[in-house]
Amino acid sequence: MIAIVNYGMGNLFSIYNALSKIGADPKVFTEPRFEGADGIVIPGVGSFGMCMSRLSQFQEALFESLQSGTPMLGICIGMQVLFDRSMESPGARGFGWIKGDVVRLPEGVTIPQMGWNNLSMKREVPLLEGIRDGDMFYFVHSYYCLPEDPSVVAATTEHGVEMAAAVIRDNLSATQFHPEKSGAKGLLILENFVRSTRC
Amino acid sequence: MLARRIIPCLDCDLGVPQGRVVKGIEFKQIRYAGIPWELAARYYQQGADEIVFLDITASHERRETMTDVIKKTSEEVFVPLAVGGGINSLEDAREVFNAGADKITLNTAALRRPELISEISDSYGRQAVVLAIDAKRRYNLEEGREVISTARGDCWFECSYYGGRRFTGIDALAWARKGEELGAGEILLTSMDRDGTYDGFDIELTDAVSSRLMIPVIASGGCAHAEHMYQVFDKTRASAALAASIFHFNEWTVEGCKQYLAQRGVNIRI
């Protein structure tokens, strides 16, 4: 069973439907207890500060699951909250599980970046198995993650600047794009994630 | 690099069970193109980058049908789904999001009460709010208008609402900028002069709006050929091109359009 963290922001149906489509067993969790979850998805829309204010009650339970080896996937803001802080909401603290900042996209490009952009693969990782250099995914964001340790970056994309599109460290992974809205290739990434929860 | 998007638009009459996709031909006869979720699934399979549903039902007592249409679609379609028509409040928007829509489009309701843009944007994020603007050329120049030089002479653009039946006196360029300030994440820009004509997008209008804003602009109205999409991508900063009839009546597949554009060097998702 895959837990979807419901912290009261936005639309969980997309990720729920996508996980159902690939034969996973998604369940929406509104309480910070993840008993029985083989994997956890942190979806995300909204601002960094708003997300953190609502997600903070889940932080301890999520950290315990992470420590015990449960595969975890953050999506979009769900990726950004894994970092230390964001320019979007000065003062708000992220989980800090991946060291680094979240900063605004540079001037001169459309903001938000909204649409399909291609990946440059940096590392071979199980999550991106079957994905090739140049494959396109759906992004919607105005800020991007700058990890201190470049080795966590599995793939990048470019919109005014080359930035992390997918980060992975042990059982913690995250994508800036929305796999649940990225057609067949996106569903493939979710399948890879679900497979990792069955090992 | 960010690809240009191709977006099929489905005008939905929800007065029948399951709803039906309709398209008026030169504002007269209505043709029926099919069942909304089936068409959406077909376009998804063909490579549509996004799907737009617009509820054009005259009376808005058919909300439940729209909810069913969105639910059914979001089980089969894994690209962003935008829904508009008759969304007048945060409550209305919530219903549509809860059924599985990723974005809502606002037109009349936002012109009547601009704060609605901020209310929805604050709750669901900027990316979830598309401001639809139906703009018509006006050649009678008035004080205080943003005037654009076009091949046919200087003009400004007036916003219409109520599905193009009434005019607001509001300058479309100023309204687009205001919409961006209020929290819209995208502009769906329809040329009323071109809509239904098959003459191609209004390049001058699209250029004027897309060059003034940071947020993405979707060009709409008049598309009859992939060449029209090429022109609007080549000559403006439009992020996406929207079309309806050319897909509904099998003149073009989404795939065919994309191949045409890719061959002409447009960055597109194949």
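Helices and strands here are DSSP runs, numbered from the N terminus. With that in hand, here are some exercises on this predicted model.

**Exercise 1. Unusual backbone geometry**

Task: Find where B:Y198 and B:Q18 sit, and describe the phi angle of each.

Solution. Start with B:Y198, which is found in the loop between β11 (186-191) and α7 (203-212) of chain B. Its phi is near 65°, a positive value in a residue other than glycine. Next, look at accessibility: B:Y198 has a relative accessible area of 33%. Buried means under 20% and exposed over 50%, so B:Y198 is partly exposed.

Now turn to B:Q18, in the loop between β1 (5-13) and β2 (20-24) of chain B. B:Q18 has a positive phi of about 75° although it is not a glycine. With a relative accessible area of 45%, B:Q18 is partly exposed too.

Why pick out such angles? Most residues other than glycine have a negative phi, and most peptide bonds are trans.

Task: Which form, cis or trans, does the peptide bond from A:I111 to A:P112 take?

Solution. Read omega first: it is near 0°, so the bond is cis. Then place the proline: A:P112 lies in the loop between β6 (100-104) and β7 (113-118) of chain A.

**Exercise 2. From a strand to the other chain**

Task: Follow A:G115 from its own strand to its contacts.

Solution. Step one is the location: A:G115 lies in strand β7 of chain A. Step two is accessibility, and at 0% the residue counts as buried. Step three is the contact list. Leaving aside neighbours within four places in sequence, A:G115 is in contact with A:F137, A:Y138 and A:F139, and also with B:L2 and B:R5 of chain B.

Task: How many residues of each chain are in contact with the other chain, and what area do the chains bury?

Solution. Count the residues first: 34 of chain A are in contact with 37 of chain B. Then take the area: the two chains bury about 2,600 Å² between them, with 58% of it on carbon and sulfur atoms. Finally, look at the contributors on chain A. A:M114, A:W116 and A:K181 supply 26% of the area that chain A buries against chain B, more than any other three residues.

**Exercise 3. A helix and its packing**

Task: Check the length of helix α2 (residues 63-74) of chain B against what its residue count predicts.

Solution. The helix has 12 residues, and at 1.5 Å a residue it should span 16 Å. The expected span uses one less than the number of residues. The end C-alpha atoms are 17 Å apart, which agrees.

Task: Which residues of α2(B) are buried, and what do they pack against?

Solution. The buried residues are B:R63, B:T65, B:M66, B:T67, B:V69, B:I70, B:T73 and B:S74. In chain B, they pack against α1, β4 (51-55), β5 (81-84) and α3 (90-99). Across in chain A, their partner is α1 (13-21).

**Exercise 4. Two buried residues of chain B**

Task: Describe the surroundings of B:A135 and of B:C257.

Solution. B:A135 lies in strand β7 (residues 129-138) of chain B, and at 0% relative accessibility it counts as buried. Beyond four places in sequence, B:A135 touches several residues, among them B:F157, B:A172, B:M192 and B:L205. B:D193 is another of these contacts; it is 58 residues away in sequence and 7.9 Å away in space, C-alpha to C-alpha.

B:C257 belongs to helix α10 (residues 254-263) of chain B and is buried, with a relative accessible area of 0%. Leaving aside neighbours within four places, B:C257 is in contact with B:A226, B:M229, B:I246, B:F247 and B:W252.

**Exercise 5. Enclosed space**

Task: How many cavities of 30 Å³ or more are there, and what lines them?

Solution. The count comes to 2. The largest has a volume of about 250 Å³. Of its 20 lining residues, the closest to the centre are A:N11, A:V45, A:H178, B:D102 and B:Q127. By class, that lining has 10 nonpolar, 6 polar and 4 charged residues.

The second largest cavity holds about 30 Å³ of space. B:R42, B:Y43, B:Q46, B:F247, B:N250, B:W252 and B:T253 line it. Helix α1 (residues 36-46) of chain B gives the most to this lining, with 3 residues. By class, the lining has 3 nonpolar, 3 polar and 1 charged residues.

Methods. Residues numbered from 1 in each chain as written. Chains lettered and ligands numbered in written order. Predicted model: local features only at pLDDT ≥ 70, side-chain atom pairs only at ≥ 80, totals over all residues. Heavy atoms only, no water. 1 Å grid on protein atoms, 1.4 Å probe; cavity = no way out; pocket = protein on both sides within 12 Å on 5 of 7 lines; lining within 4 Å. Points joined across faces, edges and corners; volume = space filled by probe spheres on them. Nonpolar A, V, L, I, M, F, W, Y, C, P; charged D, E, K, R; others polar. Helix = DSSP H or I, 4+ residues; strand = E, 2+ residues; numbered from the N terminus. Buried < 20%, exposed > 50% of the residue type's maximum accessible area, 1.4 Å probe, protein only. Contact = heavy atoms within 4.5 Å. Buried area = accessible area lost by both parts, 1.4 Å probe.
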